[in-house]
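Student: I'm new to this structure and would like a close look at one part of it. Could you take me through the sheet and the aromatic rings, and then show me a few spots in the loops?

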Amino acid sequence: MPNIGTRANAAASGYGFSTQLGPFTLTWSPGPAGSPFTTGSYSGVDFTASATVTVTGRAKDIEYVVVAGGGGGGSGLVTGGGGGAGGYRSGTLTGVGGGSYTVTVGGGGSGSAGYSSTSGSDSVFSSITSNGGGSGSFGDGPDGYANTGGSGGGGSGGLIGVSHTSGQSGNTPPTSPPQGNSGGDGRANSGPSTGSGGGGGGSAAAGSIGPSAAVGGNGGNGTATNIKSPTPLTLAGGGGGAGRATRGSGGTGGGGAGAKTDPTTTTAVNGTANTGGGGGGGIISRPAPAGGPIASASGGSGRVIIRWLT
């Protein structure tokens with residue numbers, strides 16, 4: 001079981017290092033779930049999988065970034081919305097002393113070739129929960145609407161006889177400061193052509209509605225953090241909406257781009273693993289002779305990063 005106390009007398013040990021200085025020691029299991037790091041006067045652990053953390057010794061304040069899994073993009077009758085980013089929460093837990101603490105790294109929601117994409121899963125550190133990103137819309141029926149979440153999924157485009165749908169709310173359930181933003185609305189069709197899907201919400205910005213019926217909306221951008229390094233790490237970007245001619249781009253922080261069909265087919269892109277990015281929206285119907293669905297993409301898994309003064 002890797003453990004971190006302070007940085008004197010460091011020695012290689014298992015999956016990271018073992019350091020002992022003073023009474024504070026933090027260990028985690030299983031070892032591969034977390035990677036230890038140091039930055040300036042801080043020691044920390046970057047968790048990319050779920051673990052149990054055990055603290056012994058005197059209490060310390062622990063800073064955290066908790067990112068949930070991103071939502072899968074939608075793929076329905078026409079153009080699907082991008083998946084919302086996983087919720088992003090940061091702050092400090094004061095006086096963390098002896099005991100065991102849960103770290104849960106949420107998985108990304110699944111994409112689909114039609115009518116069954118899912119939202120991302122929650123991530124947890126101790127008492128802090130970030131909520132999974134909402135899945136993108138894949139149609140105008142009650143079961144096809146985008147879902148709320150840490151950030152909301154984007155709406156789907158319209159077609160003759162099929163209404164476009166709205167993006168859904170982020171920061172659900174509400175936290176202060178907000179853990180995410182809303183997805184962008186789908187755009188109505190223009191004559192016989194399909195409308196475009198809206199971008200999924202990101203932790204730093206809402207998803208966008210496409211600028212035209214042929215162009216998908218961009219995913220909202222994610223949030224930059226310096227918790228690991230002076231070089232910013234950006235997490236929790238929304239997925240891009242699908243567009244007939246131009247796909248929406250994924251938001252910074254791991255959001256995947258949507259699909260497009262004209263003049264050539266480009267598939268949707270998954271949210272980047274361990275960023276909480278939303279998956280890109282897909283398209284279920286394509287004109288002949290191509291035929292067949294273009295699946296939406298899955299959301300990226302979440303992440304939990306903690307650090308403390310040594």
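Tutor: What follows is a walk through the open sheet, then the rings, then some individual residues. Keep in mind that this is a predicted model.

Let's start with the sheet. Five strands make up an open sheet, and if you read across it the order is 5-6-15-8-9, with antiparallel pairing. At the edges you'll find strand 5 (34-39) and strand 9 (88-96), each of which pairs on one side only. Going from one strand to the next, the twist averages 20 degrees. As a bit of background, strands of a sheet pair through backbone hydrogen bonds, and they can do this in a parallel or an antiparallel way. Now zoom in on one edge: strand 5 and strand 6 run antiparallel and are joined by 6 bridges. One residue to pick out here is T39, whose bridge partner in strand 6 is Y42. Stay on Y42 for a moment, since R307 lies over the face of its ring, at 3.7 Å from the ring centre.

Next, the rings. How many aromatic pairs does the structure hold? There are 2 of them. Take F24 and W308: their ring centres are 5.5 Å apart and there are 55 degrees between the planes, which makes this pair tilted. F24 sits in the loop between strand 3 (16-18) and strand 4 (25-29), while W308 belongs to strand 15 (residues 303-309), so the pair ties together parts that are 284 residues apart in sequence. Both F24 and W308 are buried. The other pair is W28 with F47, and it counts as edge-to-face because the planes are at 85 degrees, with the ring centres 6.2 Å apart. W28 is in strand 4 and F47 in strand 6 (residues 42-47), so this pair ties together parts that are 19 residues apart in sequence. W28 is buried, with a relative accessible area of 0%, and F47 is buried too, also with a relative accessible area of 0%. Going back to F24, the charged end of K60 sits over its ring, 5.6 Å from the centre.

Now for the backbone. Where W28's strand gives way to the loop between strand 4 and strand 5, look for P30, which is found in that loop. The peptide bond from S29 to P30 is cis, with omega near 0 degrees. There's another cis bond from D262 to P263, where omega is near -5 degrees. P263 lies in the loop between strand 14 (233-235) and strand 15.

That loop between strand 14 and strand 15 also holds A236. A236 isn't a glycine, yet it has a positive phi of about 70 degrees. Is A236 buried or exposed? It counts as buried, because its relative accessibility is 0%. N171 is another non-glycine with a positive phi, this one of about 50 degrees. You'll find N171 in the loop between strand 12 (128-130) and strand 13. At 16% relative accessibility, N171 counts as buried, since the cut-off for buried is under 20%.

The loop between strand 12 and strand 13 is also where S196 is found. With a relative accessibility of 0%, S196 counts as buried. Leaving aside neighbours within four places in sequence, S196 is in contact with a list of residues that includes T79, S156, G157, R187, S212, A242 and G243. One of these, S212, offers its backbone oxygen, which the side chain of S196 reaches at 3.0 Å. Another, A242, is 46 residues from S196 along the chain, and the C-alpha atoms of the two are separated by 6.0 Å.

Follow the chain on from that loop and you can finish at T225, which has its place in strand 13 (residues 223-225). T225 counts as buried, at 10% relative accessibility. Its side chain reaches the backbone nitrogen of I227 at 3.1 Å. Not counting residues up to four places away in sequence, T225 touches V65, Y88, T231, P232, L233 and L235. Two of those names link back to parts you've already met: Y88 falls in strand 9 (88-96), at an edge of the open sheet, and L233 falls in strand 14 (233-235).

How values were computed:
Residues are numbered from 1 along each chain as its sequence is written. This is a predicted model: local features need pLDDT of at least 70, side-chain atom pairs count only at pLDDT 80 or more; totals for chains, interfaces and linings use all residues. Side-chain values use heavy atoms; hydrogens and water are left out. Helices (H or I, at least four residues) and strands (E, at least two) are DSSP runs, numbered from the N terminus. Buried means under 20% relative accessible area, exposed over 50%, partly exposed in between (1.4 Å probe, protein chains only). A polar contact is a pair of N or O atoms within 3.5 Å; within protein, one must be able to donate a hydrogen and the other to accept it, and residues adjacent in sequence count only if both atoms are side-chain atoms. Contact means heavy atoms within 4.5 Å. Rings of Phe, Tyr and Trp (its six-membered ring) pair if their centres lie within 6.5 Å; planes under 30 degrees apart count as stacked, over 60 as edge-to-face and the rest as tilted. A charge sits over a ring if NZ of Lys or CZ of Arg is within 6 Å of the ring centre and within 35 degrees of the ring normal. Two strands pair if DSSP finds at least two bridges between them. Axes are lines fitted to C-alpha atoms, for helices over the stretch in contact, and angles run from 0 to 180 degrees between N-to-C directions.
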